[in-house]
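Let's take a walk through this structure together, starting from one residue and moving outward. Have the viewer ready.

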Amino acid sequence: MTQGVSLAPAQHGRVGQAAAVRAHALAAAIRFLLRIASTPTGAIGLGLLTLHLLLVLLGPSLAPYEPTALNLRHTLEAPSAAFPMGTDNSGRDVLSRVMAGARSIVLLSIASTALAMVLGILLGLVAGYLGGWKDEVVMRGMDVLMSFPALLLAMLVLTMLGPANANVILATALVFTPRVARVVRSVVLELRTREFVDAARLRGESTVFIWLREILPNASAVILVETGIRLSYAILLIASLGFLGLGVQPPTPDWGLMVSEGRQYIYQAWWMVFFPSIAIGSLVIAVSLLTDRLEQVLNAQRSFEGS
Amino acid sequence: MLRFLMRRLALLVITLWLTSVCIFAVTAVLPGDVATMILGQSATPQDLATLRRQMGLDQPLLVQYLRWFGGVLQGDLGHSLRTGGCGVQFCTEGVRVSTLLVQRSTNSALLAAAALLIGVPISVGLGVLAAVRRDTWIDRLVAVFTLAWISMPEFVTGVLLIIVFSTWLRLLPALSIANPNASVLDSLHLLILPALTLALVMLAHTARMTRASMIEELRSNYVRTALLKGLPRRTVIFKHALRNALVPTATVIAMNIGWLMGGLIVVETVFAYPGLGQLVTFAISSRDVPLLQGVALLIAAVYSLSNLAADLIYTYLNPKIRYV
């Protein structure tokens with residue numbers, strides 16, 4: 001491939017340019033990550049999240065035992081050298097199940113957050129930018145969805161649709177869409193009255209162009225922070241659904257489900273619930289720490305650009 | 001102010017009515033036949049048809065909804081499907097849903113009250129402490145502590161408390177009740193762990209809010225004036241700054257009551273505490289449709305009302321907001 005040598009000064013043309021742009025973007029991304037990691041909280045958050053993402057990628061293959069393999073000779077064994085986190089009531093290795101369980105909760109929460117963000121941004125734009133009766137209809141609809149506690153709404157939807165991974169994503173996205181829409185709407189209401197939006201409108205730009213090119217780029221900081229907040233709530237919600245038996249179904253290893261299975265053995269085998277609990281907590285802590293730090297960095301950038 | 005209040009209340013009524021439509025729609029399409037559930041698999045088709053006609057299940061959905069909603073308006077939520085028993089010849093009717101709701105909400109209210117009683121004073125105290133000792137190790141300790149509890153789902157907090165207080169220290173029971181119909185008032189020690197779980201999660205939010213608004217107040221001119229004219233620091237903190245800082249905190253506490261309604265579902269399930277939340281999981285797992293409809297509607301109503309209360313407190317206490 002020519003890309004390997006494209007950074008050489010003699011190389012010109014399209015391929016070289018594209019590679020240069022890519023290298024520039026990569027450098028910017030690395031600078032941004034370094035900036036995030038430049039405080040203790042940011043570094044801890046980034047480190048913890050990287051660990052969890054590694055588990056998502058490699059957890060099942062690195063696990064010392066098969067996560068679903070029964071071993072009735074070693075049931076409810078306390079943590080030891082052979083089983084660092086002990087075994088459960090079916091003799092399954094808790095460490096292997098914790099390692100393999102990262103995949104379901106992380107992927108489900110990322111997917112549902114992404115869906116909620118897309119739907120929420122769209123509805124927020126419609127309500128905030130178009131206004132009038134469209135605003136009323138959208139926001140009253142959102143009010144109805146928000147008149148349920150998040151968990152109850154998700155439980156009702158999952159009871160109706162049945163417990164399947166796609167339905168968990170749908171239910172969680174449905175819960176968070178109105179909350180995203182509210183935030184986006186309030187930003188759009190503020191941006192709508194700015195001169196550059198008026199200018200674009202007078203130039204005769206289409207509504208979709210104004211949304212994509214004028215409004216969303218200026219709302220990106222708020223949207224990024226909102227994504228982080230929603231992601232941490234999505235993890236909490238999906239873990240709770242798993243615990244209530246409405247999420248991932250056995251025997252697939254899932255942290256919430258593991259806690260609920262271990263609940264009845266809590267007197268004999270505290271390790272069955274302790275380690276998956278710590279796994280869930282550390283994942284949410286990582287996301288919250290990163291979101292806090294992201295907000296700091298973005299606010300600093302904005303006030304720097306504004307001055 | 002009155003117009004604002006009326007508008008908000010009217011919106012709330014409309015929202016709650018739409019909520020009832022949603023709840024009915026969701027429960028109406030649930031898989032599983034109610035008549036078969038009551039009479040059992042061995043019932044004859046004729047018996048099933050008769051029961052369906054008696055219960056009005058052969059009517060169109062709209063008629064069924066209107067009958068149900070008419071009942072709701074009169075306080076009649078129907079009978080639970082699962083709490084009655086069926087003999088060979090006849091069925092005893094299930095307990096009235098409204099009776100169950102009254103009984104369980106008393107227990108839940110007790111739990112929520114205990115959680116607020118533990119949570120609010122500690123969280124305000126921690127928030128003030130962190131604000132006054134800003135950027136010291138005390139502040140950081142409070143920040144780490146609150147972050148940890150915000151980041152735990154309620155069931156994780158619950159089981160961790162059980163491990164410490166029941167499995168390791170053997171101080172408190174891991175299950176909060178043996179008899180689902182007994183009153184919790186007889187045995188207050190069963191309340192401690194579930195209330196502590198709810199309080200810990202709530203505490204984190206409220207402490208963070210108190211700290212933020214307290215720092216804001218401490219920076220203000222009137223606090224500086226009070227300090228410069230020689231008032232003791234303690235008086236300025238508690239008499240002047242805290243009073244104003246409690247405005248946003250009051251909103252957070254009112255919002256927390258709404259949040260408690262969701263938290264109750266998980267916490268009551270963890271501790272097998274006989275409240276509304278546990279009734280939800282029971283109704284869902286046993287497909288008890290009338291019970292699910294009633295309890296979901298009640299929880300949604302309380303949740304919306306407390307969110308409205310939070311809004312109103314905030315608007316009332318903050319003169320900068322216009323009533324629109």
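In which helix of chain B does Ile313(B) lie? It sits in helix H12, which covers residues 289-317. Keep in mind as we go that this is a predicted model.

Is Ile313(B) buried or exposed? It falls in between: Ile313(B) counts as partly exposed because it has 18 C-beta neighbours inside 10 Å, while a buried residue needs 20 or more. Setting aside the neighbours within four places in sequence, Ile313(B) is in contact with Ala250(B), Thr251(B) and Ala254(B). You can also look across to Pro248(B): 65 residues separate it from Ile313(B) in sequence, yet the C-alpha to C-alpha distance is 9.0 Å.

Now step back along the chain to H11(B). This helix is mostly covered, with eight of its 10 residues buried. Among the buried ones are Leu276(B), Leu279(B), Val280(B), Phe282(B) and Ile284(B), along with Gly277(B) and Gln278(B). Just after H11(B), have a look at the backbone of Arg287(B), where phi is positive at about 55°.

Finally, bring chain A into view. Here 35 residues of chain B are in contact with 30 residues of chain A. On the chain B side, helices H1, H6, H7, H10, H11 and H12 each supply at least two residues. H7(B) gives the most to this side, with seven residues. What is the character of the side of chain B that touches chain A, in nonpolar, polar and charged residues? It divides into 27 nonpolar and eight polar residues, with no charged ones.

Conventions
Residues are numbered from 1 along each chain as its sequence is written. Chains are lettered from A and ligands numbered from 1 in the order in which they are written. This is a predicted model: local features need pLDDT of at least 70, side-chain atom pairs count only at pLDDT 80 or more; totals for chains, interfaces and linings use all residues. Helices (H or I, at least four residues) and strands (E, at least two) are DSSP runs, numbered from the N terminus. A residue is buried if 20 or more other C-beta atoms lie within 10 Å of its own, exposed if 12 or fewer, and partly exposed in between; C-beta atoms are placed from the backbone. Two residues are in contact if their C-beta atoms, placed from the backbone, lie within 7 Å. Ala, Val, Leu, Ile, Met, Phe, Trp, Tyr, Cys and Pro count as nonpolar, Asp, Glu, Lys and Arg as charged, and the others, Gly among them, as polar.
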